[in-house]
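Subject: Structure for you to look over

Hello,

I am handing over the structure we talked about. Please open it beside this message and follow along.

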Amino acid sequence: MNELLIKLEHALSPYAKQFAPEGSEIKAVVHQWGHAIAYDNDIFASSKGADANEILSRLKKAKCYNSAKQFKKELRDCINLNAADNPEFTFIDLFAGIGGMRQGFESAGGSCVFSSEFDKHAQDSYFENYGEYPFGDITKIANEERNHANWIDAIPKHDILVGGFPCQAFSIAGYRHGFNDKKGRGNLFFRMAEIIDLCRPRAFLLENVKNLVGHDKGNTIRVIKETITQDLGYSFIPFVLNATDHGNIPQNRERIYIVGFKGESNWSAEDKVRLDDILTHQFQIPEPIELKKTIFNILHQSQQDKRYYYPDTHQYFNELNSTIVSKKSVYQWRRVYVRENKSNVCPTLTANMGTGGHNVPLIRDDFGIRKLTPEECLGFQGFTETFKFPAKMAMSHRYKQAGNSVAVPVVSRIALEMARLLKITRD
Ligand SMILES: C[S@@+](CC[C@H](N)C(=O)[O-])C[C@H]1O[C@@H](n2cnc3c(N)ncnc32)[C@H](O)[C@@H]1O
């Protein structure tokens, strides 16, 4: 681990302990305080008595902090991604996974002031790449009771709430129970709504599987829309984008995105006087762009580690060998048969690839038949090679994290548009 972050943990952990919600690690508080101090953002739990001056004096005592400039530079240097030097807006990253949404919003000039993700392995990857451990279970932070155990007011002030809330409860592959999902996943939307209600960000971006629209005969999306517009007073702009058409990424990945702006649930196109101020009216859904990248821009041409190849002793080798014939397509193992993706793009990556042997994209290269590597999967989500999994991360977790993520260039385009609009009116 980076030396600065180690020093930071030593200096701040004793003080941070009292501000770590149940289900979150103390180091999440420490790291996220560090970033807030560096970027002069609101700190986590200031509403609960956490004191930025106390944090600063502890950092100085531990010789982590000499000047604002030095501290920011050192902290930036330990992160391999490009958070803006002088951010134009702040955002929070909920259901953060490995930070695909974060990358999109950072590239649009944003500064992340809070992140939450409860999968331990995804947390490790997040830390490795953004120098910050995310907070844990969001239901422990935004719990159903608005009592002392509720940490919503501890979340730093932010302009945009970003949340790729889990799709299990809504997807065809999942349980189809929507808001009544027994495991409570469906209710995560309501936890997010609670955060919007209390923090009142200027805008939000939600992301989910395309099937959200048809789920439960349209009931699920109706409840989401009603909650957003009637209960929260935000506008509701849903649209479906495909990574191939809108992100110059050769992966067939259709996702629904929902954007909303504060206080704009009741705007009307007839209301000509106010129209220039209505961000919802001015929001432009990204137009399709030409797909210039091909699968060969992403696939590695060299021989890969032997673990990715099917040996000829494998029980399905003959079947694979006879069906996976072209070197120009990505194939997908569908449990009982292999499907060629004829459109020369990668099929939709899923969270369960790499487990149980299904949904693993396969190719034939000069050395045999093999699975895509997790790094190639990340490439098909638009991640650059600067992203690194922690060295000891198991393969199954790498695939899951890559499949769960988002097509970063698509998110970047939405984030840029939101940033453009937030500049028009200042809160
Ligand atoms: C569809 S993924 C989002 C991935 C993310 N957008 C990215 O780019 O990597 C949903 C994530 O929500 C996380 N999650 C589910 N329930 C959660 C909870 N109660 N608290 C925090 N994170 C949760 C899952 O572990 C998963 O990583």
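Below are notes on the two sheets, one pair of helices and the surroundings of the ligand. Please keep in mind that this is a predicted model.

The six-stranded sheet

One sheet is open and has six strands, in the order β2-β1-β3-β4-β6-β5, with mixed pairing. Its edges are β2 (110-116) and β5 (237-242), each of which pairs on one side only. Ignoring direction, neighbouring strands here are turned against each other by 20° on average. At one edge, β5 pairs with β6 (residues 254-261) in the antiparallel sense, over six bridges. To find this pairing in the viewer, start from N242, which stands opposite E254 in β6.

The four-stranded sheet

Another open sheet has four strands, ordered β8-β7-β9-β10, and its pairing is antiparallel. The strands β8 (338-340) and β10 (368-371) each have a single partner strand, so one side of each is left without a neighbour in the sheet. From one strand to the next, the twist averages 35°. Strand β7 (residues 331-333) and β8 run antiparallel and are joined by three bridges. W333 is a convenient place to look, with V338 in β8 as its bridge partner.

The helix pair

Helix α5 packs against α15 (residues 408-424) at an angle of about 45°, and their axes are 8 Å apart. At that angle α5 counts as oblique to α15, because the value falls neither under 35 degrees nor within 65 to 115, nor over 145. The crossing of α5 past α15 is right-handed. On the α5 side the contact is made by G100, M101, Q103, G104, F105 and S107, and on the α15 side by V408, V411, S412 and A415. By type, the residues of this contact are five nonpolar, five polar and no charged.

The ligand

Which residues are the closest to the ligand? They are F95, G97, G100, G164 and S405, out of 22 residues that surround it. Two elements, α5 (100-107) and α7 (138-141), give two or more residues to this shell. The shell is made up of 11 nonpolar, eight polar and three charged residues.

One residue links the last two topics: G100 is among the closest to the ligand, and G100 is also one of the α5 residues that meet α15. It may be a useful place to begin when you go through the model.

Regards

Notes:
Residues numbered from 1 in each chain as written. Predicted model: local features only at pLDDT ≥ 70, side-chain atom pairs only at ≥ 80, totals over all residues. Pairing = 2+ DSSP bridges. Axes fitted to C-alpha atoms, helices over the stretch in contact; angles between N-to-C directions. Near = placed C-beta within 6 Å. Nonpolar A, V, L, I, M, F, W, Y, C, P; charged D, E, K, R; others polar. Left-handed = near helix turned anticlockwise from the far one by under 90°. Contact = placed C-beta atoms within 7 Å.
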